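Visitor: I am new to this structure. Please show it to me, and then I will ask how its descriptions are justified.

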Amino acid sequence: MKIDGKPYQTIWLDPKDEGIVHSIDQRKIPFQFLVEQLTGLDEVCVAIRDMHLRGAPLIGVAAAFGLYLAGYRHPGNPDLKKYLSSAGDQLLATRPTAVNLKMAVDRQLAAITRLEDPAAIISTLKKGALQLLEEEKENCRMIGVHGLEIIKAIASTKGGEPVNILTHCNAGWLACVDYGTATAPIYLAHDHGIKVHVWVDETRPRNQGARLTAWELGQHGVDHTLIADNTGGLLMQQGKVDMVIVGSDRTTRSGDVANKIGTYLKALAAFDNRVPFYAALPLTTVDWEIDDGVKEIPIEERSPDEVHFVEGFADGRIQQARISPQNSAAMNLGFDVTPARLVTGIITERGVCPASAEGLARLRKQA
Ligand code: MRU
């Protein structure tokens, strides 16, 4: 994706110093554009936990680099593999919901099980991280290719009017390596000259929609309108939403979709108004070990301060302002689960399938 005309991806290994991973610091967007340098495991853990970088596929890629950097910084550790296994636990403790984190850690540790030579372990971890990065990039590109067909079909019924797409949180390229999941079909449709307009949920409490999605859609020249989180239902009743596309942090093998808090309410409203509701995700986001998302997906609880305070730009700097009484309690649950029955389809890199065990299993077999 381009920022002010310059191509970027969210994370990359320094071409001249293989001990440095560069990552866009999402905490400052849209007010400042900063790239952070990650040079060790602890920095990667902080970056994931404190959401300098976020979004399921990106968290997975960052974790893969985290394990690589852990090895790179400690080549002489007498029990390197034991150390890397504890580094994996440290990474897993940063954020609980996005399954890509676990997938990446498991995959990296599995790749080194038979190795003993530190140099071979470190180069395997480096290769693994770079490979996952490329895979996730390609996955998102293909999600775009498959999702485009759905947008095309809707566009053909609109008589030249724009296709109105509602999205929640940021499942854009900032949440991935490139393209995004929910946004990939939108970018591709726009690039194909199909008129699209995006309703962007602000996504309280951290406002990833207002800050990140609106910004990246703007950078790509996609027409969009920011709305308060509770507006989507009314827009659907008024016939102003043609489809919903969201991302996912973990989808069960039966098609229950965990995504940013508030997604479930949009799915209910979409169901009631017969608006198609799609989740776009790479198969790396499917947790093949669980069925019942409501019971089995761990929901991250973050600091209540994210609810008590809003962050914005004033007087030339990023500032926080309290919006609640000093003594009120607040709760901050990060994700909810949309049951498969409310999901029209799942858009993956392998094609679009029904949100069901059969649908996902079929795509997994192809993979
Ligand atoms: O808490 P966040 O900002 O990491 O939550 C992100 C989301 O909920 C995204 O929709 C999700 O990661 C989709 S992946 C492109």
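Visitor: What makes the approach of Asn259 to the ligand a polar contact?

Guide: The model is predicted, and in it a polar side-chain atom of Asn259 lies 2.6 Å from an oxygen atom of the ligand. The cut-off for a pair of N or O atoms is within 3.5 Å, so this pair counts as a polar contact. The protein covers 100% of the 410 Å² of accessible area that the ligand has on its own.

Visitor: How far from an oxygen atom of the ligand is an N or O atom in the side chain of Arg95?

Guide: That distance is 2.7 Å. For a polar side-chain atom of Arg54, the distance to an oxygen atom of the ligand is 2.6 Å. Both Arg54 and Arg95 are among the residues that come nearest, out of 19 around the ligand.

Visitor: Why is the ligand said to lie between domain 1 and domain 2?

Guide: Domain 1 (2-135) and domain 2 (142-366) both give residues to the shell, so the ligand lies between them. At least two shell residues come from each of α2 (56-73) and β11 (257-260). By kind, the shell has eight nonpolar, seven polar and four charged residues.

Visitor: Why is Met51 singled out?

Guide: Most residues other than glycine have a negative phi. Met51 is not a glycine, yet its phi is positive, about 60°. Met51 belongs to the loop between α1 (41-49) and α2.

Visitor: Which peptide bond is cis, with omega near 10°?

Guide: The one from Ile29 to Pro30. Pro30 is in the loop between β4 (21-24) and β5 (35-38). Arg204 and Pro205 are also joined by a cis peptide bond, with omega about 5°.

Conventions
Residues numbered from 1 in each chain as written. Predicted model: local features only at pLDDT ≥ 70, side-chain atom pairs only at ≥ 80, totals over all residues. Heavy atoms only, no water. Near = heavy atom within 4 Å. Polar contact = N/O pair within 3.5 Å; in protein donor to acceptor, adjacent residues only side chain to side chain. Areas by Shrake-Rupley, 256 points an atom, 1.4 Å probe, with all protein chains shown as cover. Helix = DSSP H or I, 4+ residues; strand = E, 2+ residues; numbered from the N terminus. Nonpolar A, V, L, I, M, F, W, Y, C, P; charged D, E, K, R; others polar. Domains from an automatic or database assignment.
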